Each structure stands twice: as structure tokens, then as C-alpha cells.
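Please look at the sequence and the 3D model together, and keep both in view while reading the report below.

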Amino acid sequence: MNQPSKVHDKLMPHSISHSKTKPQLPLGSQDPEDGALVANTILQVALNNRDSTKILGSLATELGALFNAELCIIITLEGDALGKDETRVWQSEARLSESEIKELTQITLDSEIGRPGIITARTTLFNSIDSIIADIFPHQTWLGICTQFQQQTNGLVLLLKSQVNDWTQEERTRLAHSANSLAIAIAQAQLQQESRTRTRYQNLLRNLSQQISQSYHPKLLLENCLAEIGHALGLDRGLILLFKYQNPLKARDRKQDSVRGTAKITCQWSSQSPAADSNVFSFPLESSALCQQAWQQAPDSLYFNARAAFPDVAVDSVATKGEGLLMMPLMGKKTSETDLAMVLGLLVLQTDMTHHWSQSELELVSWTGVQISTAITHDQTLNRVQFIVEERTAQLKSSMDMQGKLSAKMRQHIEQLQKLHQLKDDFMNSMSHELKTPLTSMKLAIKMLRQSELPPAMREKYLDILEQEWNREYSLIKDLLTLQQVESGELDYSPQELDLAATIADLSQAWQLKWQSERDLNLLCNVDPQDLKIHTDAESLKQILQELLSNASKYCDPHTTIKLSATSQLIDRQEQVVIAVTNLGAGITAAELPHIFDKFRRGQGVTDRAVPGTGLGLTLVQYLVEHLNGTIEVTSEPTEEMSVFTTTFLLKLPQIQPAIS
């Protein structure tokens, strides 16, 4: 770390024109009280001004007039940790520029100032000054004095004439007699400056505390802190860097030569443009030697009084010029007593001119760095907590959504189970009816046949009943077995060419024996053309037509006609056989229509009306139609009577041509 020089490296030049000239006696004729008059004048200047800057400016003016000097320079030297160097320059004419005055005062501060007393032009100090102002004052002569207050040198007064003649003994004596008054006046200015500095620092601490306690926006807080400390210390620029390490675990070990990661400039402030730049810049940590040095030196600050430019890497829109530089590490919390705290980033303060960082400034910036570190850590903690809360909220919402879906699925399953339970009950009722009724009839017929005196005609009748009920039971068992074969894919497919007119005629004859006498029903068949043939599985097609005719016969009104038609049509550029079965009756409701082919599904109230069946017929029809690569549709539309519906089953089968052997 750079050590502070013996006096401040930064001076604040102030040029005062010679506007006040007191009537003077010739120097050789001045009375002994003249020295006391000069001292009294100096003390009056100190007593009549409360502002340290006005004290030094007025004092430079008075001394220039009292000693007929063309240039008077007063430099206050640090006498307290809170003190700041104040430089006031008086010129009879504005002949020195600010840069020349700055160079003059810097040479003065960098030189060894001797013991209190008169300084002549024979010293090294004036030899250095001569080279700067030789063009302006080619024949300059100097007179200077060091002042001492409470056994410490607290100021330097330099008087310059461009005349060839040297300073007189009377002038030297008079300046020497005013040394104590000058020391007191300079001490007064230093005390006022110290008081002003303390007040400014207290206001800064109060403002920063208020900003930290009331600000809920971290970026705005950092910008305000930069602006407050920049204005309070009279700086030119300020930056706040935040580090992101490639390996955070190794970043705590500052014994290593360097650390890798990224430095991001989160906010910046400039005295020329107080509005913070909204752009964010970053650069690799390993490319900045100053960042590496500040990281290794943490938690102590790294500062330079002069010739220090930051960033020391190329970063767009960020100034790299500068003289004074202070880099204060922003420290995180320690995880244990043995581990070092993580360096969160840096608070960087810069000046364009040489600046001596006093102990009070270092302590103030250190306190500010601690507060900024606390605010950053608090914000990071809040962000992590907020992220965890949002993550947990999202997980909870997802869980609730999942529970909602599971609940909906469960309700759906419950409804399906209820429907299945209802179907099971309907099936059991139907099966009970379909099994018990034939068995009862068969038992009664067998009992009657056991009678020895039974006439032959009655015996034949009961034998017919036994045969009919056996056929009924056989058909039920056959339907169940066929359904099982279709579902398992074990049903054989043996296509052959069928004459539809002959096939339908055979079915019509069997149908009339059963339904025409029982319910007075008629069957009207129409095949167009009469020689229409189809290449398909014969057994499957016959069972489909039998089930459709049986279903139509069960649900149509008595004394009506069932229509069965078969035609050949070209559908989607494919020749198909279209078979329609139509009947008039109660019809199918819109709610039941989508479920008409469901297993064990029967129309509402059919069991109460003693309509025979198990709910497997239409299910078997759909399976067999798919087995034949066809489709089946059903419509049920009301007629003019409204209570009677026209129900049509429309079967479409592909007209597959037989393979030529």
C-alpha cells in the first residue's frame, strides 16, 4: 500500500487580484510599532472571517499589500487527522495560470521545509521554483517564512518580487515579527476547516444511514451512496464493482497469486455528470492488476495519491484517467472464525488531481464500505429468499395443479366405476333374465314330458320349447365366445364370394319364422342390383345381419315393417357395399347414441319392458364390422308423430376383389 506523504499531495489553488493597497511609510523609516501593526492586521483578518477560505484569501491580500509583493502564496500544512491542505495564491496581476500555480504548490509540498523561520532564495526549494517562473519573473527575488503552532509547522508563506534588489532587513524583520500571528491565523483557518470537515462528514454519515434504512431499491441505494461520498470528499468519479468468481470456494483463499472471475461495474458516478450511467460493463478480473492487488489486500483498502488510473483495462464508456485512487473492498459475512470473508466487490473513488487520502477519509470510506456491503449482502439474501419462495410457490402451484388433475381423474374414474357398476348390474339382471327364463321353460317342458299320459301333440310342443330354449342359450354362449375371440384377435377370417340376395333371403326366411307370428312384423328386403356379390367372411357377415335384424325386431313397434337394403356405391374412389337396416319405434336418445355399441349397454327401461337381450349384440356387431375392415353408423330421428323414431343402422363394407390364382 502507498503511504501518505508528509504533507498533502493535493492543493486547491486560488487566485486573488491585488485590489487593496494600504498607505505605507518608507521601510527604513518605519517605527518599532510597525511589526505590531502587521501582527494586529493579521489577527484582525483571522477574527473577522468565519470561513477558512476567506481567512487565507484575505490574509494573502493583506500580506501582498503590506510587503509590496507581486505574488503571495500561503500554504497550510496538515496539523490534524481531519485537516485538509488549503492553498491560497495572491497575484498583483493574473500572470500565473492554474496549472503553473498547481505545479508551484506541489513543488513546495514535495520539498523539505526547514525549521520555523525566514527562508531565503538560497534554499533548494526556491531553486526548483525558479525554473518554473523564470519566463514570467526573470529577476525574481524571494522571501519566505515557516510558521509553527503548538510546536508543529502549520504553514508556509512565500512573497515574490520581480525587482532586481533583494529584500531589505526591515522587511525580513517585520515578516519574522508576524510569524506568531501568521501561525495563529493559519491555525484558525485549520480549525475552521476541521470543523467544516467534521460537519460535512457527519452530514454524509447521516445521509448514508438514512439512504440505507429507507431505500428498497439496491441499485438506487448504491448510486445515492456514490453521489453522497463523492460530493462530501470533493471527488471526480466513483464506481461500484461486484465480483463473480469462477470458483467461489477458492476465492476466500487470498494467499494465492490471483483469482479468476468477472468484475461488473454495477453503477458509476461522476462530478461532471451526476446522473448515473444505466449501462452495465464488465471485464475479466485476471486482466486488472489493481483489482488483483485490492483483492489480495482485503479487507484493508488500497490507495494511491497520484498517477493511478482505473480501470486499468479497456472498458467502453468508462474513464481511465486519474491521479488519486482509493479502492475499498466490499466484504461479505464470515462463515467461521478461521475462514476469511468473501470479497463481494470494490468501492472505487477517483480524483483527476493529486490527492492525499487522510486517515479520516479512509475511516469514512471504510464505514461507507461496510454499510454498502451490508446492503448488498441483505439484497442478495432477499433475492435468494425470494427465489426460494417463488420456487416453492411454483412447486406448490404445480403440486396443487397435479392434485387438481388427480382429483379430476379420480372423479372420472369414480364416474367410470359407477357406470361400470351400473353396467354390471344391468348385465347381471339381463343375464339372470336370459338364463333363468330359458331354464325355467326347459324345466317345465321336461316336467311335462315326464307325464306318461301326455298326448303326442303336447309332447311335440314341449319338445319344440326345449329346442327353442336350447337354441336361445346356445346363441348367448356363442355370442360370448365370439366376443372373446374378436377381442383377443383369435377369430378366423376366411373371405369368400357371397351372393347378397341369396344370403339375405335365407336370413329373411329364418326371421319370419320367429318374429312375424310373435309381433306381427314384416320384413322388406331390397338388393340392388339383384346379382350383387361381396367378397368377405361369410360367418361374420351373417352374424352381423342376424344381430341387426334381431335388434330391430326387439325395439320396433308392433305391426310395423323393418326394411333391409343392400346397394353398391363408390365412396372415396373405392367401391363399397352399403347395407341399411331401418325400423320404426321408441328410438335412441341423443345421450345414449354415443354409447350404443358399448359392452353390456342397453337402452334405458328395456329390462323393465322385458325386452330380451344382454347388451352384447351391438358390441359384437361393431367388433365384427371392424374385423371385416368396415364401418357402421347409427341414426335415430323423430317422425311427424314425434313419439315414433326412425332408427337406421348403416353398414359399409369394402368390395374386395378375390385374388386370381
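The report turns to one helix, then to a pair of strands, and finally to the cysteines.

The model is a predicted one, and every value given here was computed from it. Helix 11 covers residues 500–519, and for its 20 residues a rise of 1.5 Å a residue leads to an expected span of 28 Å, which agrees with the 26 Å that separates its end C-alpha atoms. The helix nevertheless has a kink of about 45°, centred on Q512. At its N-terminal end, D499 acts as a cap, with a side-chain oxygen 3.1 Å from the backbone nitrogen of A501, while after the helix comes D520, whose phi is positive, near 55°.

The buried residues of helix 11 are L500, T503, I504, L507, S508, W511 and W515. An α-helix has 3.6 residues a turn, so residues three or four places apart point the same way. The buried residues of helix 11 pack against several elements, among them helix 12 (538–555) and strand 17 (574–585).

Strand 8 (residues 261–270) and strand 9 run antiparallel and are joined by four bridges, and in one of these pairings I265 has F281 of strand 9 as its bridge partner. Along strand 9 (residues 281–284) the side chains alternate, with F281 and F283 buried on one face, whereas S282 and P284 point to the other and are not buried.

Why does C225 form no bond with the closest cysteine? The sulfur of C225 lies 8.8 Å from that of C267, which is too far for a bond, and the count of disulfides in the model is zero. Two buried cysteines are listed here.

| Cysteine | Relative accessible area |
|---|---|
| C146 | 2% |
| C225 | 1% |

Terms used: Residues numbered from 1 in each chain as written. Predicted model: local features only at pLDDT ≥ 70, side-chain atom pairs only at ≥ 80, totals over all residues. Heavy atoms only, no water. Disulfide = S-S within 2.5 Å. Buried < 20%, exposed > 50% of the residue type's maximum accessible area, 1.4 Å probe, protein only. Helix = DSSP H or I, 4+ residues; strand = E, 2+ residues; numbered from the N terminus. Pairing = 2+ DSSP bridges. Expected span 1.5 Å × (residues − 1). Bend = angle between axes of the 7 residues up to and from the residue. Contact = heavy atoms within 4.5 Å. Polar contact = N/O pair within 3.5 Å; in protein donor to acceptor, adjacent residues only side chain to side chain.
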